[in-house]
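Got the viewer open? Let's take a walk through this one, from the whole chain down to its cores.

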Amino acid sequence: MRILLVEDDVEQLEPLRTILAKSGHIVDGVEDGAVAQQLIQDKEYDLLILDWLLPNVSGVSLCQEYRQAGKMAPVLILTAKDAVADKVTGLDVGADDYLVKPVNAMELLARVRALGRRSPLLQGDTLTLQDLCLHLTTLILERQDTKVSLSGREFHLMEYLMRHPKQVLSRDQIEQSLWEWDALPESKAVATLVHRVRQRLQAVGAEDWLQTVYGMGYRLAPPE
């Protein structure tokens with residue numbers, strides 16, 4: 001998943017970002033609410049993890065603005081506030097879950113997995129599209145008892161494609177979704193990555209699923 005993590009304490013931000021990244025997620029980690037506000041406008045996320053107290057714009061305000069914009073990705077609030085009234089406030093503005101600091105890494109990952117299972121394509125920790133399966137915890141692609149391991153970036157592209165089946169995804173959309181907000185890929189990075197993923201699909205007998213739509217981008221289109 002692509003996750004926006006907003007935490008103003010860098011000593012907490014960096015360990016949490018590392019934990020999430022090691023679990024296979026693409027994480028944009030920022031310390032400022034105003035920066036997060038701009039990212040939310042510019043990018044699509046699968047999950048938002050927002051600290052309550054932030055410089056310039058609070059996590060609660062970010063959540064409220066996000067819901068008012070009609071965006072429906074799950075939101076997890078992180079806060080030192082543990083009173084019932086505070087939890088109610090967070091949930092009332094549209095948060096899906098609430099985690100009190102100090103954050104336990106195993107509990108955070110469990111909450112993230114639970115929120116990520118809301119996709120209709122998910123079965124446990126596996127994304128499925130017809131008979132193609134992507135195992136989210138092991139980075140393995142499987143079809144008809146044939147399995148192939150993916151690199152981190154290959155896995156991220158495969159996950160993005162499977163979460164948007166039959167949609168034409170432009171190079172810019174793929175770059176925005178697969179690279180962190182402060183990292184710029186090389187000019188041929190997307191084409192190279194698509195080529196590598198096609199090779200992995202070929203290994204499981206699904207090489208024709210990933211199509212190039214010339215002048216527009218790529219789409220994952222399983223046979224009808």
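Start with a cartoon of the whole protein chain: you should find eight helices and 12 strands, where helices are DSSP runs of H or I of at least four residues and strands are E runs of at least two, numbered from the N terminus. The radius of gyration is 18 Å, close to the 17 Å that the globule rule gives for 224 residues, so the chain is as compact as a globular protein of that length. (That radius is taken over C-alpha atoms, and the rule is 2.2 Å times the number of residues to the power 0.38.)

Before zooming in, note that this is a predicted model, with local features needing pLDDT of at least 70 and side-chain atom pairs pLDDT 80 or more, while totals for chains, interfaces and linings use all residues. Residues are numbered from 1 along each chain as its sequence is written, and side-chain values use heavy atoms, without hydrogens or water.

Next, select Leu134, Leu141, Met158, Leu201 and Leu220: they have the most contacts inside the largest nonpolar core, which has 32 residues. Such a core is a set of buried Ala, Val, Leu, Ile, Met, Phe, Trp, Tyr and Cys residues joined through side-chain atoms within 4.5 Å, buried being under 20% relative accessible area with a 1.4 Å probe, protein chains only. Now colour β7 (126–129), β8 (132–135), α6 (152–163), α7 (171–178), α8 (189–203) and β12 (217–220), since each supplies at least two residues of this core.

Centre on Met158. Leaving out residues up to four places away in sequence, Met158 touches Leu132, Leu134, Leu141, Leu150, Val197, Leu201 and Leu220, a contact being heavy atoms within 4.5 Å.

Last stop: a second, separate core of 22 residues, including Leu48, Trp52, Val57 and Cys63.

How values were computed: Buried < 20%, exposed > 50% of the residue type's maximum accessible area, 1.4 Å probe, protein only.
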